[in-house]
Amino acid sequence: MGAPLMKWPKLKCPFCGGILANREMKPGVPLVCPSCSQKLQFSHRQLRLSTFAAVGLSVGLGLLLGLRGLWFIASTVIFWFPMLLIWEFVFVRFVPPKFEAYEDSRGSKSETSLFRR
Ligand SMILES: [Zn+2]
């Protein structure tokens, strides 16, 4: 098949159900649905969950390696980001990424959108 290893599963637009091109996913950059032109972003709640999971995994790894004190803190900081990438990659296989309408974080209404949900 020759499929690349780091291939994301198919992503669907929550508004029209259209298949999204998922090669250009970058944080802070909206994904535009090719079917309905809706600007989309990853669900903030899901991103936060992933971040907590990555920190938890890093802490777990430090405990597993028997690290103490400064080494423990250092390992958590060092492993956090790779753990996040690994976690995200595994996580999307079981739970499809959720999308929500894109909100421009630089907009003047960012304060109200923060507390809206
Ligand atoms: Zn759409």
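**Entry 1: pairing, before anything else**

I began with a term I needed: two strands pair if DSSP finds at least two bridges between them. With that in hand I looked at strand 3 and strand 4, and I found two bridges joining them, with the strands running antiparallel. I also reminded myself that this is a predicted model.

**Entry 2: how far to trust the model**

I checked the confidence next. The mean pLDDT of the chain is 80, and 75% of its residues reach 70 or more. I then went through the elements: helix 1 has the highest mean pLDDT, 91, and helix 3 (residues 110–114) has the lowest, 49. I will read helix 3 with that value in mind.

**Entry 3: the parts list**

I counted three helices and five strands in the chain. Walking from the N terminus, I noted the elements as β-β-β-β-α-α-β-α. I also looked up burial for the whole chain: of its 117 residues, 10% are buried. For contacts with a separation of 6 or more, 47% are between residues 24 or more positions apart.

**Entry 4: the sheet**

In what order do the three strands of the open sheet lie? I read it as 3-4-5, with antiparallel pairing. Strand 3 (31–32) and strand 5 (99–101) each have a single partner strand and stand at the edges, so one side of each has no neighbour in the sheet.

I then went through the bridges one pair at a time. Between strand 3 and strand 4, valine 32 stands opposite lysine 39. Strand 4 (residues 39–42) is joined to strand 5 by three bridges, and these two also run antiparallel. Here I found leucine 40 with alanine 101 of strand 5 as its bridge partner, and phenylalanine 42 opposite phenylalanine 99.

**Entry 5: the turn at serine 37**

Strand 3 and strand 4 form a hairpin, and I noted six residues between them. Serine 37 sits in this loop. Its phi caught my eye: the angle is positive, about 60 degrees, although serine 37 is not a glycine.

Is serine 37 buried or exposed? I found 10 C-beta neighbours inside 10 Å, and a residue with 12 or fewer is exposed, so serine 37 counts as exposed.

**Entry 6: the nonpolar core**

Which residues make up the largest nonpolar core? I listed six: Leu11, Leu20, Leu31, Cys33, Leu40 and Phe99. I picked cysteine 33 from this list for a closer look. Leaving out residues up to four places away in sequence, cysteine 33 touches Cys13, Phe15, Cys16, Gly18, Leu20, Gln38 and Leu40.

**Entry 7: tyrosine 102**

I moved on to tyrosine 102, which lies in the loop between strand 5 and helix 3. Not counting residues up to four places away in sequence, its contacts are Pro30, Lys39, Leu40 and Gln41. I also looked up a distance: tyrosine 102 and glutamine 38 are 64 residues apart in sequence, yet 8.2 Å apart in space, C-alpha to C-alpha.

Tyrosine 102 has 15 other C-beta atoms within 10 Å, so I put it down as partly exposed.

**Entry 8: helix 1**

Helix 1 (residues 44–64) came next. It has 21 residues and reaches 30 Å from its first C-alpha to its last, close to the 30 Å expected at 1.5 Å a residue. I looked for its buried residues and found Ser50, Ala54 and Ser58. They cover an arc of only 75 degrees around the axis, so they sit on the same side of helix 1.

What do the buried residues of helix 1 pack against? I found helix 2 (69–94) there. On the face turned away from the buried side I noted the exposed residues Arg45, Arg48 and Phe52. After the helix comes glycine 66, with a positive phi near 70 degrees.

**Entry 9: threonine 51**

My last stop was threonine 51, which is found in helix 1. I counted it as partly exposed because 15 other C-beta atoms lie within 10 Å. I also looked up how far it is from tryptophan 87: the two are 36 residues apart in sequence and 9.1 Å apart in space, C-alpha to C-alpha.

Methods: Residues are numbered from 1 along each chain as its sequence is written. This is a predicted model: local features need pLDDT of at least 70, side-chain atom pairs count only at pLDDT 80 or more; totals for chains, interfaces and linings use all residues. Helices (H or I, at least four residues) and strands (E, at least two) are DSSP runs, numbered from the N terminus. A residue is buried if 20 or more other C-beta atoms lie within 10 Å of its own, exposed if 12 or fewer, and partly exposed in between; C-beta atoms are placed from the backbone. A nonpolar core is a set of buried Ala, Val, Leu, Ile, Met, Phe, Trp, Tyr and Cys residues joined through C-beta atoms within 7 Å. Two residues are in contact if their C-beta atoms, placed from the backbone, lie within 7 Å. The expected span of a helix is 1.5 Å times one less than its number of residues. The arc is that of the directions from the helix axis to the C-beta atoms. pLDDT is the predictor's confidence in each residue, from 0 to 100.
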